[in-house]
Amino acid sequence: MAYRCGLCNKFASIEMDEPDVNADVDDEGNVTVDTELTLTSTCCGDQVATASVEGTGEVEIEHEKDCAKHMLSVADTEVNLDDRYDGDAKTPRRYRRHFYQAHVSVTVICDTCEADDVVEITLEEQASGFGSMY
């Protein structure tokens, strides 16, 4: 999908900004992650499109035997950005669907016994699902 830069009014190549990720975990070990993916033009750095994405995962922590009450919390999040094209590699890219991805690694820790686990969640949005800023 082609985007027009809002500042210089040119069709510009785009890149994804590093998103702010909100991660949360409940007492049962269900991890929820949500973020706003933002595409910016490379010519002026102006935001051209955004999409809200969310995902879930489940943590599997092996607690210590003397851990009476599990108090789970998010210790750290790490994000790696990527994009991919759907379909056959022999088909030109312009005829395939384009997806933007954020691979999120969430480290969850038990505050009581300090056991931890890492949950991998992939957030993905098709390029046509982004809302244009102009």
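Strands here are DSSP runs of E with at least two residues, numbered from the N terminus, and two of them pair if DSSP finds at least two bridges between them. The model is predicted.

**View 1. The hairpin of β4 and β5, with G29 between the strands.** Strand β4, residues 21–25, and strand β5, residues 30–41, pair in the antiparallel sense over 5 bridges. One position of this pairing is given by V21, whose bridge partner in β5 is T35. The hairpin has 4 residues between its strands, and G29 takes a positive phi near 95° there.

**View 2. The open sheet of β7, β8 and β9.** The sheet contains 3 strands in the order β7-β8-β9, and their pairing is antiparallel. Its edge strands are β7 (72–85) and β9 (116–126), each of which pairs on one side only. On average, and with direction ignored, neighbouring strands of this sheet are turned by 20° against each other.

**View 3. The pairing of β8 with β9.** Strand β8, which spans residues 98–110, is joined to β9 by 11 bridges, and the two strands run antiparallel. Among the paired positions is V108, which has D117 as its bridge partner in β9.

**View 4. The surroundings of H98 in strand β8.** H98 lies in strand β8, and its relative accessibility is 13%, so that this residue counts as buried, the cut-off being under 20%. Its side chain makes a polar contact with the side chain of Y85, at 3.5 Å. When neighbours within four places in sequence are left aside, the residues in contact with H98 are D83, R84 and Y85, together with E125, Q126 and A127.

**View 5. The surroundings of V74 in strand β7.** V74 lies in strand β7, which is one of the edge strands of the sheet. With 30% relative accessibility, V74 counts as partly exposed, because this value falls between the limits of 20% for buried and 50% for exposed. If residues up to four places away in sequence are not counted, V74 touches A23, D24 and V25 as well as V106 and T107. The C-alpha atoms of V74 and D116 are separated by 9.6 Å, although these two residues are 42 residues apart along the chain.

Definitions and conventions. Residues numbered from 1 in each chain as written. Predicted model: local features only at pLDDT ≥ 70, side-chain atom pairs only at ≥ 80, totals over all residues. Heavy atoms only, no water. Axes fitted to C-alpha atoms, helices over the stretch in contact; angles between N-to-C directions. Buried < 20%, exposed > 50% of the residue type's maximum accessible area, 1.4 Å probe, protein only. Polar contact = N/O pair within 3.5 Å; in protein donor to acceptor, adjacent residues only side chain to side chain. Contact = heavy atoms within 4.5 Å.
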